Amino acid sequence: MKNKLKIILCIILNLAFSTITYAGAQDFKLVLENLAKVKHINAEFEETKSINMLENKIKLAGLLEYRAPDSLSKQTLQPTSELFVVKGNDLHIKNAAGEETDLLLTNYPVVEMFVEAYRGLLAGNLKKLRDYYEVQFTGNIKHWTITLTPIEEEALELISIITAEGIGENIHKVTVNEANGDSSVMQIKNTQDGA
Amino acid sequence: MFIIVGGWLAITKTTISSDMQQFLPAKSKSAPISNIDPLKVLNIINQANSGLFLFAIEGGTDKQRATASIQLRKKLLKDEKFVFVNNGKGTLAKKDRNILNQYRYLLTENADYSENSLVKALQVRYQELTSPLGAFFKSSINSDPTAEVRAILKQWQLGKEPTKLHSVWFSNNKDTALLVAGIKINGADINAQQRAVDIIKDNFSAINNNGLKLAISGTGVFAVQARTKIKSESQRISVIASIAVMLLMLFAFRSVWLVFLAAIPLLCAIISGVIVTQVIFGSIQGITLAFGLTLIGVALDYPVHIFSHIVKSENIKTSINNIWPTMRLGVITTSLGFLALTQTNFNGLAQLGVFAVAGLLTAAVVSRFVLADLILLRPVRIKEVVPAWVGWISQVSISFNVINVSLFTSVAGALIFMYPVNWESDLTKLSPISAEQVTLDTRLRKQLNADDLVNVLIVRASSSNAVLKKSEQLAASLEKMVNDKTIAGYRAPHHLLPSIETQKLRQQNLPNSDILNQRVNKAIQESNFRPGSFSAYIKDVEESKTLAPLDREKIQGTILDRQLASMLFRQKDEWFAVIRFIGVSESAVLEQQLNKLGDDDLAYINIKQVSQSAVDDFRNEALKLIAIGLLVIFITLIVSLRDSQRLMRVCFIVSMALVFDIIWLNILDQALSLFHLISLLLVLGLGLDYSLFYTRSVDTKSVRERTAYGMLVCFGSTALVFGMLATSSIPVLNAIGLTVFIGVSFNYILATFFSTKSIT
């Protein structure tokens with residue numbers, strides 16, 4: 001008799017939990033779908049970096065551009081000009097000194113993982129995100145937070161967690177917490193939405 | 001840091017497949033520019049490459065290929081035969097990283113410890129730190145603000161690292177996972193190479209659950225394949241040919257006993273050939289044995305001549321005595337031809353000569369002195385009457401007169417003019433390696449960005465450190481060539497390991513910690529870095545001052561050691577360094593500029609040219625020796641024949657057969673190589689036999705018919721064996737088969753046409 005009760009209790013509890021998670025999963029799915037619908041983004045960003053080794057916090061500002069499915073560029077304008085362009089497997093960098101470097105993302109797995117966080121989020125590609133991260137969703141369709149924790153040991157030594165916050169189909173804040181305590185917070189403001 | 005800058009280091013390129021390398025002389029004949037023998041160097045380089053294997057994993061999904069690559073590497077590294085296995089994952093082992101870190105201020109070439117340079121370095125580091133990839137630079141900034149580790153890695157690498165997928169090397173189109181492995185090896189040890197190939201294959205099949213394909217390449221694989229191919233093909237052909245010849249003999253003499261006896265001189269010839277060669281040379285090369293066997297197959301002709309000349313009416317010994325002078329002259333002259341080969345300083349060919357001479361003489365002696373007694377052991381029903389058509393053949397004849405002789409000579413002259421001789425200089429063309437294997441090798445080398453080892457500069461000195469020093473002294477001249485755009489770059493051993501003196505000089509130039517501390521503090525003031533951020537750097541520089549310089553002993557088992565192994569060689573008391581060039585605009589210009597350096601301990605080598613001219617030199621030497629052999633044969637004929645008519649006939653038949661053989665090969669578009677030349681010696685020997693027998697003055701028509709019968713059997717068996725060799729897809733066997741088949745046919749036809757008739 002007691003056993004039966006236990007089983008029933010378990011079933012009820014299970015049902016309750018799965019409803020909650022189901023609701024979360026539904027929202028997550030919709031958020032990802034909304035993100036995927038946006039094919040082109042032009043945005044301004046402001047970034048604040050806290051680095052132990054440096055006396056002051058660093059403030060950067062510039063432009064972001066995304067084109068589905070895999071083109072992403074980050075142009076820093078303040079305090080110096082710097083360009084970072086990813087397209088497919090190619091990474092093009094032009095540093096403040098004007099030196100240009102071309103790399104293949106696949107040759108640098110940790111960099112690749114870092115880039116895929118942004119691309120995966122912007123494309124709403126959960127499968128891709130899960131190749132590199134444990135993905136968690138909190139919130140609802142309107143206000144949501146997605147956190148990414150690296151799976152690979154090698155990556156965890158550098159990056160502890162990446163947190164993206166969004167409203168609807170727009171990501172407006174990305175926080176990167178590094179293993180050594182450094183962090184960067186990037187605020188994003190869309191200037192034009194494309195379809 | 002190590003995550004960003006993969007330690008991709010170029011691998012050396014092999015030039016000659018070592019299977020055919022055995023047919024290169026150990027020393028070159030032509031005078032080298034300096035007193036360094038390029039061929040000696042070439043051999044050393046080739047030996048150093050003999051333990052290198054490149055492999056490709058294909059099929060399945062890219063994840064499966066990457067997993068297989070990682071698992072295969074792990075398995076192979078457990079085997080102590082493998083010195084290294086690289087697939088892009090963890091290219092720099094812990095030991096390598098430690099050495100690189102600890103000795104960075106002794107290894108780096110352009111370190112600058114001035115305040116100015118520190119200020120600039122901190123600016124760059126600041127930029128890196130704040131860049132999107134800043135996180136990846138952080139760990140090394142405190143101890144290495146001037147980024148020397150990165151500079152050294154740049155110093156070490158020549159080519160571009162291959163594409164990576166799932167953190168292992170892939171071809172650009174991503175359908176092939178790539179690996180490079182090296183084994184411990186002493187010279188070109190085919191057995192060790194064979195074992196390595198087996199280990200790779202076994203380990204791969206143990207981890208291969210997804211039907212992936214593994215392709216292996218490298219000098220070792222070429223050597224193993226060549227050996228297996230030549231061995232299996234010559235075995236296959238010799239089995240078939242032996243059966244065919246046996247059936248032919250059985251048909252000709254209708255006696256199992258005689259066929260069995262015919263094999264005895266041949267067996268004795270092989271045994272004595274092997275023994276004599278081993279006694280003289282200490283060992284016998286497998287390839288000598290393989291070619292030697294085809295050459296002394298002629299030993300079968302001696303019993304055939306004897307069998308066909310036996311008649312009931314006379315004692316066997318009398319029959320043998322009657323033909324012995326002819327046989328003896330044939331054996332002696334043929335042996336003289338092969339004896340010429342023994343005069344070369346090149347081992348493989350000299351062995352072949354000794355083997356053939358010892359074998360032929362033994363076969364003749366056994367036939368002459370043992371065979372008669374053996375025949376008598378059992379009653380033999382001797383077939384006295386030869387078939388009617390043989391009698392008819394024995395009557396075919398063209399008169400040996402001025403008109404006919406000039407007719408043949410002018411046809412030969414015209415044809416030689418129309419189809420001139422085409423010499424083969426490229427040894428690799430004779431390699432039995434399939435085109436697919438060569439394509440695979442080229443593809444893998446390209447995908448792995450292995451450099452082409454064509455233009456090299458050899459530096460010689462008396463010790464490993466001295467040769468490094470000499471290499472360093474050349475740097476200025478070489479840098480100038482880079483500026484001139486004569487070359488795009490070069491790779492010298494001192495880029496990997498500086499000489500002791502240079503390392504000590506770098507230590508002396510390190511500032512003391514107080515001064516460095518001051519400079520760093522000033523640089524920090526001009527930057528955004530927190531004070532004290534670089535105490536690790538100051539400590540490391542201070543510690544570098546008292547380090548004992550790196551030498552070859554200390555780097556044992558590291559990537560530096562493995563890289564140096566292909567650039568730094570020891571030969572007895574001499575050390576050689578190999579400096580390789582990339583992006584050579586014009587070899588001739590480079591050669592000219594290097595020669596200007598005018599140093600006896602330097603030699604510019606164009607490896608392709610060296611091996612080609614070695615082949616040419618060697619062939620010319622062989623030609624010269626053969627010419628001398630011909631002269632000796634001619635004198636021997638004059639002395640022993642003492643019959644100008646017969647001498648002229650013999651010389652005409654033999655030389656015409658050789659000339660027509662060469663013409664026919666030219667018509668077939670065969671580029672003539674050493675193997676054709678050796679085969680022509682055999683054609684010469686056969687021609688002498690045939691013509692001597694056919695120009696023998698004989699009393700009766702029946703003896704002439706017997707000679708014709710024996711000749712037909714000899715020709716038939718030789719044509720069978722070499723005709724089969726000619727069908728082989730292995731270039732060397734094909735060359736031998738074709739040359740002898742065509743030559744023996746002309747020998748037979750000409751000897752028959754220009755035979756002397758019986759008196760009655």
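Good morning. In chain B, residues 24 or more positions apart account for 84% of the contacts with a separation of 6 or more. Please keep in mind that this is a predicted model. The secondary structure of chain B comprises 30 helices and eleven strands, and of its 760 residues, 46% are buried.

Let me turn to confidence. Chain B has a mean pLDDT of 83, with 90% of its residues at 70 or more. Residues 1–33 of chain B are a separate matter: their pLDDT stays under 50, although the model has 115 contacts beyond four places in sequence for them. For the complex, the predictor gives an ipTM of 0.77 and a pTM of 0.68.

I come next to the contact between the chains. Chain B gives 22 residues to this contact and chain A gives 24 residues. On the side of chain B, the elements that supply two or more residues are helix 6 (115–130), helix 7 (138–141) and strand 3 (163–165). By class, that side holds ten nonpolar, eight polar and four charged residues.

Helix 6 of chain B deserves a closer look. Its 16 residues reach 23 Å from the first C-alpha to the last, close to the 22 Å expected at 1.5 Å a residue. Which residues of this helix are buried? They are B:Leu118, B:Ala121, B:Leu122, B:Arg125, B:Tyr126, B:Leu129 and B:Thr130. Because they cover an arc of only 160° around the axis, they lie on the same side of helix 6 of chain B. An α-helix has 3.6 residues a turn, so residues three or four places apart point the same way.

Finally, what covers these buried residues? The cover includes strand 1 (40–50) and strand 2 (58–67) of chain A, together with helix 7 and helix 22 (513–525) of chain B. Thank you.

Note on methods:
Residues are numbered from 1 along each chain as its sequence is written. Chains are lettered from A and ligands numbered from 1 in the order in which they are written. This is a predicted model: local features need pLDDT of at least 70, side-chain atom pairs count only at pLDDT 80 or more; totals for chains, interfaces and linings use all residues. Helices (H or I, at least four residues) and strands (E, at least two) are DSSP runs, numbered from the N terminus. A residue is buried if 20 or more other C-beta atoms lie within 10 Å of its own, exposed if 12 or fewer, and partly exposed in between; C-beta atoms are placed from the backbone. Two residues are in contact if their C-beta atoms, placed from the backbone, lie within 7 Å. pLDDT is the predictor's confidence in each residue, from 0 to 100. Ala, Val, Leu, Ile, Met, Phe, Trp, Tyr, Cys and Pro count as nonpolar, Asp, Glu, Lys and Arg as charged, and the others, Gly among them, as polar. The expected span of a helix is 1.5 Å times one less than its number of residues. The arc is that of the directions from the helix axis to the C-beta atoms.
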